[in-house]
Amino acid sequence: MAVFDLGRLLLVLGEEGVEFIIVGGVAAALQGAPVLTQDVDILYRIEDGNLERLERALNRLNAVARGDSRNLPFGRSHLATTGHKLASTDAGPLDVLGSINDTLLYDDLIGSSDELEVMGQNTKVLSLIRLIELKRQLARPKDLAMLPVLEATLRERESQT
Amino acid sequence: MLGSRVMVAFPSPSVPRDDANSAASADAVEPDHNENGVDLSLIRYTLSLTPTQRLKAVENFLNAMASVRSAAPRRPASERAK
């Protein structure tokens with residue numbers, strides 16, 4: 001079995017009807033930027049029904065807290081918080097984010113996402129413009145390092161249209 | 001001068017062009033790198049892929065790296081600290 005099966009991660013989340021937006025490095029890659037990343041970051045909607053669907057999806061993926069030898073699964077009350085939950089799953093590392101920077105929630109960013117067809121299913125992916133704005137705001141060294149590539153990708157994409 | 005005709009020659013896609021001239025004109029129009037050193041040819045390539053193909057490219061790279069890591073002999077801790 002492959003160590004990383006990003007398609008299966010997205011498939012299971014989609015099959016369970018989880019409301020989420022792909023953010024981070026995979027969002028950049030899906031938007032056409034030649035970047036590599038080590039995990040999938042998703043921002044999910046904090047709402048009772050969605051938490052139930054997310055918990056079900058994570059159980060199907062055998063998700064446990066990454067770096068914790070107790071292999072603890074994620075409970076509903078934990079998922080209801082806005083923090084970052086770093087998971088190891090059967091299909092690779094998955095970062096499950098209740099918010100970005102403790103301020104931006106799913107509802108704040110859903111309007112800045114594009115719907116792309118990935119592995120045969122429509123998937124919400126953060127727009128390249130919003131991704132660049134967020135990277136500028138976060139301004140951590142790793143965010144700033146990625147900015148020239150994202151900005152060049154945006155310019156190239158605009159020049160092609 | 002009124003009434004005169006000006007002929008402007010545009011390269012026709014059906015007419016093969018000299019390779020050196022083609023490369024030179026391509027460079028002039030589409031540089032390979034921008035002012036920050038970003039490889040634009042790579043960006044053009046990834047933009048030519050579908051989102052699914054882009055995801056597969058990331059996945060293939062990660063799996064290749066995982067294979068390399070698992071195949072590499074593990075060094076003793078005393079050497080890793082150096």
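**Chain B and its partner in a predicted model**

From the N terminus on, the elements of chain B run α-α-α-α. The model is predicted.

User: How many strands does chain B have?

Analyst: The elements of chain B, read from the N terminus, are α-α-α-α. Chain B has four helices, and its number of strands is zero.

User: What percentage of the residues in chain B is buried?

Analyst: A residue is called buried when its relative accessible area is under 20%. Chain B has 82 residues. The buried share of them is 21%.

User: How far does helix H3 of chain B reach from its first C-alpha to its last?

Analyst: H3(B) covers residues 51-71, which is 21 residues. At 1.5 Å a residue, the expected reach is 30 Å. The model comes close to that, with a reach of 30 Å.

User: Why do the buried residues of H3(B) lie on the same side of the helix?

Analyst: The buried residues are Pro51(B), Arg54(B), Leu55(B), Val58(B), Glu59(B), Leu62(B), Asn63(B) and Ala66(B). An α-helix has 3.6 residues a turn, so residues three or four places apart point the same way. The buried residues of H3(B) are on the same side because the arc they cover around the axis is only 165°.

User: Which exposed residues does the face of H3(B) turned away from its buried side carry?

Analyst: Exposed means a relative accessible area over 50%. On the face turned away from the buried side of H3(B), the exposed residues are Val68(B) and Ala71(B).

User: Which helix of chain A do the buried residues of H2(B) pack against?

Analyst: In H2(B), the buried residues are Leu40(B), Ile43(B), Arg44(B), Thr46(B) and Leu47(B). They share one side of H2(B), because their arc around the axis is only 165°. That set packs against H3 of chain B and, in chain A, against helix H7 (141-160).

User: How much area do chain A and chain B bury between them?

Analyst: The contact involves 31 residues of chain A and 22 residues of chain B. Carbon and sulfur atoms account for 69% of the buried area. Between them the two chains bury about 2200 Å².

User: Which residues in chain A lose the most area to chain B?

Analyst: Three residues in chain A together account for 24% of what that side buries. They are Phe4(A), Met119(A) and Glu156(A).

User: Which residues touch the most other members of the largest nonpolar core?

Analyst: The largest nonpolar core has 56 residues. One of the top three, Leu54(A), touches residues including Leu13(A), Val18(A) and Val96(A). The three that touch the most other members are Ile22(A), Ile42(A) and Leu54(A).

Terms used
Residues numbered from 1 in each chain as written. Chains lettered and ligands numbered in written order. Predicted model: local features only at pLDDT ≥ 70, side-chain atom pairs only at ≥ 80, totals over all residues. Heavy atoms only, no water. Core = buried A, V, L, I, M, F, W, Y, C linked by side-chain atoms within 4.5 Å. Buried < 20%, exposed > 50% of the residue type's maximum accessible area, 1.4 Å probe, protein only. Contact = heavy atoms within 4.5 Å. Helix = DSSP H or I, 4+ residues; strand = E, 2+ residues; numbered from the N terminus. Expected span 1.5 Å × (residues − 1). Arc of directions from axis to C-beta. Buried area = accessible area lost by both parts, 1.4 Å probe.
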